[in-house]
Amino acid sequence: MASSSPPASRTAPSTGPASAPITTGRLVLRPVRTADLPAVTRLWTDPEVRRHLGGPVLDSVVRIRQRRIVGAPGFHAVERAADGTVLGMVTVERKGRGGETEVSYQFLPEHWGRGYAREAVAAAVEAALTEAATVVAVTQEANARSRRLLEAVGMTHAESFVEWDAPQVLYRRSRQGSPDAL
């Protein structure tokens with residue numbers, strides 16, 4: 001699950017109008033709906049999901065996020081196209097870390113190991129690179145699964161640092177033909 005644990009006030013990426021759905025062979029990435037709140041709340045409170053994200057989010061913060069996330073630009077519920085089950089969430093923040101477009105993701109544990117996160121993140125990164133020269137993602141150094149996923153979608157380790165009292169790694173992917181793609 002990429003992303004370091006952001007401060008509670010950082011709940012809405014600055015992205016512009018609501019995001020259009022992104023589709024893959026098995027998935028639909030679409031704006032979060034009210035009906036998605038139980039699954040999204042689990043993403044914020046499940047200790048396994050939050051193991052590398054600073055632990056479960058406080059109830060008071062969850063309540064604030066629940067009020068702000070429905071339809072918020074950049075937040076994509078990841079839905080399995082075959083049955084409409086919400087599997088997780090991918091966030092694309094246009095002016096994220098260092099002003100670069102930043103992608104982060106969280107998936108419910110019962111859907112891990114099936115390639116859904118890789119498929120969703122790859123689609124989100126590709127879509128973001130149609131507008132941005134680069135896309136970055138941050139994960140804890142200890143999160144080997146997340147690091148493998150980011151490498152599998154073409155991102156490369158660009159930087160290591162300590163944040164939130166844990167070693168972090170920043171991955172970056174550049175659009176082909178952009179000055180950063182050298």
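What percentage of the 182 residues in the chain is buried? Buried residues make up 51% of the chain. The model shown in these views is predicted.

**View 1. The whole chain contains 4 helices and 8 strands.** From start to end of the sequence, the elements follow the pattern β-β-α-α-β-β-β-α-β-α-β-β. Among contacts in the chain with a separation of 6 or more, 66% join residues 24 or more positions apart.

**View 2. The 8 strands of an open sheet lie in the order E1-E2-E3-E4-E5-E6-E8-E7.** The pairing in this sheet is mixed. Its edge strands are E1 (22-23) and E7 (156-163), and each of these pairs on one side only. Helix H1 (residues 37-45) packs on the sheet, where it touches strand E4 (86-93) and strand E5 (101-107). The direction of H1 makes about 70° with that of E4.

**View 3. Strands E6 and E8 pair in the antiparallel sense.** E6 covers residues 134-140 and E8 covers residues 166-174, and 7 bridges link the two. To find one position in this pairing, look for Thr-139, which stands opposite Val-169 in E8.

**View 4. Strand E3 (residues 75-80) is mostly covered.** Of its 6 residues, 6 are buried. In a regular strand, side chains alternate between the two faces of the sheet. In E3, Phe-75, Ala-77 and Glu-79 point one way, while His-76, Val-78 and Arg-80 point the other way. The residues of both sets are buried.

**View 5. Strand E3 is joined to strand E2 and to strand E4.** E2 (residues 27-31) runs antiparallel to E3, and 5 bridges join them. Within that pairing, Val-28 stands opposite Glu-79 in E3. E3 and E4 also pair in the antiparallel sense, over 5 bridges. Here the bridge partner of Val-78 is Gly-88 in E4. E3 and E4 form a hairpin, with 5 residues between the two strands. In the turn, Gly-84 has a positive phi of about 80°.

**View 6. Helix H1 packs against helix H2 (residues 59-69).** Two packed helices are described by the angle between their axes and the distance between the axes. For H1 and H2 the angle is about 140° and the axes are 11 Å apart. Angles over 145 degrees would count as roughly antiparallel, so H1 and H2 are oblique to each other. H1 passes H2 in a right-handed crossing. On the H1 side, the residues that meet H2 are Leu-37, Val-40, Thr-41, Trp-44 and Thr-45. On the H2 side, they are Val-62, Arg-65, Gln-66 and Ile-69.

**View 7. Glu-102 is found in strand E5.** Is this residue, Glu-102, buried or exposed? Glu-102 counts as buried because its relative accessibility is 5%, and the cut-off for buried is under 20%. A polar atom of the Glu-102 side chain lies 3.0 Å from the backbone nitrogen of Arg-97.

**View 8. Glu-119 lies in helix H3 (residues 116-128).** The side chain of Glu-119 makes a polar contact of 2.7 Å with the side chain of Arg-26. Apart from neighbours within four places in sequence, Glu-119 is in contact with Thr-24, Gly-25, Arg-26 and Leu-27.

Terms used:
Residues are numbered from 1 along each chain as its sequence is written. Side-chain values use heavy atoms; hydrogens and water are left out. Two strands pair if DSSP finds at least two bridges between them. Contact means heavy atoms within 4.5 Å. Axes are lines fitted to C-alpha atoms, for helices over the stretch in contact, and angles run from 0 to 180 degrees between N-to-C directions. Buried means under 20% relative accessible area, exposed over 50%, partly exposed in between (1.4 Å probe, protein chains only). A polar contact is a pair of N or O atoms within 3.5 Å; within protein, one must be able to donate a hydrogen and the other to accept it, and residues adjacent in sequence count only if both atoms are side-chain atoms. Angles under 35 degrees count as roughly parallel, over 145 as roughly antiparallel, 65 to 115 as roughly perpendicular and the rest as oblique. A crossing is left-handed if the near helix is turned anticlockwise from the far one by less than a right angle, and right-handed if clockwise.
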